[in-house]
Amino acid sequence: MRYGYGAGRASFSAYGALAVLAALFALLLPQQAAPAFAADGDGPGVELSRQRAERGGEITVSGSGWRPRALLMILVCGQNMIGGTDACANSEGRAVTAGAGGSFSGKLPVAAPPKPCPCVVHVATVTGERAAENVPFTVAGHPTAPLPDSGGRGRLAVLAATRLEGDDGVLVFFGAPPSRRLVFTVGNLGAATVEDPVFRVGVAHGLYAPRWEERRWRGTLKPGEKALVKLDVELPPGAHGGYEVSVEYGRKPMVSQPWDVGRPWGVTIFWILLAVVVPAAVFRIGMAIVDRVRPPGRHRVTRRHSGGPAGPEDDVPGPEDDVPGPEDSATAPAALPWFTPDPAPRRPRPSAEEHP
């Protein structure tokens with residue numbers, strides 16, 4: 001009995017020690033695997049083996065969080081890539097393919113870009129959904145110059161593919177206004193900081209020109225920074241068909257996203273039911289009015305004897321009075337249901353004295 005208790009206590013101590021070691025290992029592991037540079041949010045990330053290298057050298061560029069099997073282009077660019085790929089050493093660029101998990105790693109020769117530093121290593125997708133990342137990098141021995149003056153104004157550009165988020169609810173099926181959220185990533189390629197930029201959002205239908213509305217985005221973008229912009233878009237009630245959502249900044253187009261809106265069939269069903277129910281209701285109301293205002297039914301014809309007091313059997317209509325003969329039904333004109341002609345005067349029955 002003591003042996004069992006001691007073995008159980010020893011086993012418990014061993015499991016406790018293993019649990020403590022596993023916890024320490026889990027705390028230390030993320031610190032060792034943390035990249036030198038990570039993208040904002042859950043987007044793709046890029047890291048460099050060295051932040052500074054001489055011309056003619058070589059660095060290792062790796063990343064994670066990219067689209068699986070995506071073809072990527074890696075370039076060394078000057079002036080923070082303000083002028084686009086014209087500021088990059090395109091001839092010395094390298095193409096790599098992301099793995100099934102969205103990670104990649106490749107060698108990049110350090111080349112002198114056509115523009116002076118500050119320089120960056122630019123990674124972008126070649127096909128499919130657009131995604132790009134810039135990592136600061138220094139090319140030793142390459143001239144450095146201030147960024148070009150953009151007139152004290154930042155220059156925003158779209159860095160990733162746009163998308164529309166949101167779904168149609170039950171009310172949209174019955175004609176409620178469809179709404180979506182336009183999401184896109186912008187970067188400040190200018191030399192000045194942009195604070196609370198104002199975008200112009202327009203929605204066009206068919207051949208009609210878009211109707212523009214100004215939307216202010218709250219945030220600050222320093223030179224070289226990027227941010228995720230979300231703008232709400234709403235259509236008029238009952239809208240359906242093909243629409244196109246456009247965004248402009250500084251009177252320059254930035255985004256153009258198609259939007260296919262389904263037909264609100266609930267409205268059509270409502271009008272069909274209304275066309276059937278309303279005439280039926282009017283007909284029923286009319287019949288009820290007719291039943292209420294028409295006169296009472298046909299009066300009963302009573303028999304009276306020529307002489308003597310009337311008996312109880314005299315007020316009961318006889319078979320010959322109520323049931324018309326074949327000749328009468330064939331020759332009698334059809335009367336309206338609420339108009340009954342007065343009965344013809346009856347001849348008095350002959351008395352016993354007249355008939356011997």
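The exercises below work through one predicted protein model, from its overall make-up to single side chains.

Residue numbers start from 1 along each chain as its sequence is written, and side-chain values rest on heavy atoms, with hydrogens and water left out. Because the model is predicted, local features need pLDDT of at least 70 and side-chain atom pairs count only at pLDDT 80 or more, whereas totals for chains, interfaces and linings use all residues.

**Exercise 1. Describe the protein chain as a whole, in secondary structure, burial, contacts and surface.**

Step 1: The protein chain has five helices and 18 strands, where helices (H or I, at least four residues) and strands (E, at least two) are DSSP runs numbered from the N terminus.

Step 2: Of the 356 residues, 30% are buried; buried means under 20% relative accessible area, exposed means over 50%, and partly exposed covers what lies in between, with a 1.4 Å probe and protein chains only.

Step 3: Taking contact to mean heavy atoms within 4.5 Å, residues 24 or more positions apart account for 65% of the contacts with a separation of 6 or more.

Step 4: The chain exposes about 23,900 Å², with carbon and sulfur atoms supplying 58% of it, by the Shrake-Rupley method with a 1.4 Å probe, in which only the protein chains shown count as cover for residues.

**Exercise 2. Lay out the open sheet of four strands and identify which strands stand at its edges.**

Step 1: The strand order is 14-13-17-18 and the pairing is antiparallel, two strands being paired if DSSP finds at least two bridges between them.

Step 2: Strand 14 (211–216) and strand 18 (252–261) each have a single partner strand, so one side of each is left without a neighbour in the sheet.

Step 3: From one strand to the next the twist averages 25°, using axes that are lines fitted to C-alpha atoms (for helices over the stretch in contact) and angles that run from 0 to 180 degrees between N-to-C directions.

Step 4: Strand 17 (residues 241–249) pairs with strand 18 in the antiparallel sense over nine bridges, and G241 has V261 as its bridge partner in strand 18.

**Exercise 3. Place R200 in its strand and list its surroundings.**

Step 1: R200 belongs to strand 13 (residues 198–205), and its relative accessibility of 16% counts as buried.

Step 2: Beyond residues up to four places away in sequence, R200 touches W212, E213, E214, S246, V247, E248 and R251.

Step 3: With E248 there is a polar contact from side chain to side chain at 2.7 Å; such a contact is a pair of N or O atoms within 3.5 Å, where within protein one must be able to donate a hydrogen and the other to accept it, and residues adjacent in sequence count only if both atoms are side-chain atoms.

**Exercise 4. Follow strand 4 into the open sheet of five strands, and find what stands opposite L71.**

Step 1: This sheet has the order 2-8-7-4-5 with mixed pairing, and its edge strands, strand 2 (52–54) and strand 5, each pair on one side only.

Step 2: Neighbouring strands are turned against each other by 35° on average, direction ignored.

Step 3: Strand 4 and strand 5 run antiparallel and are joined by four bridges, with L71 opposite T97 in strand 5.

**Exercise 5. Locate W66 and decide whether this residue is buried or exposed.**

Step 1: W66 lies in the loop between strand 3 (58–64) and strand 4 (71–77), and at 4% relative accessibility W66 is buried.

Step 2: Outside its neighbours within four places in sequence, the contacts of W66 include P44, V46, L72, F104, V123 and A132.

Step 3: The C-alpha atoms of W66 and A132 are 9.7 Å apart, although 66 residues separate the two along the chain.

Step 4: The side chain of W66 also reaches the backbone oxygen of G45 at 3.2 Å.

**Exercise 6. Find the disulfides and give the handedness of each.**

Step 1: A search of the whole structure gives two disulfides, each a pair of cysteine sulfur atoms within 2.5 Å, and they follow the pattern 1-2, 3-4 when bonded cysteines are counted along the chain.

Step 2: C77 and C88 are joined with their sulfur atoms 1.9 Å apart; C77 is in strand 4 and C88 in the loop between strand 4 and strand 5 (94–97), eleven residues apart.

Step 3: This link of C77 and C88 is right-handed, with 95° about the S-S bond, and both cysteines are buried.

Step 4: C117 is joined to C119 at an S to S distance of 2.0 Å; the torsion about their S-S bond is about -90°, so this disulfide is left-handed, and C117 and C119 are both buried.
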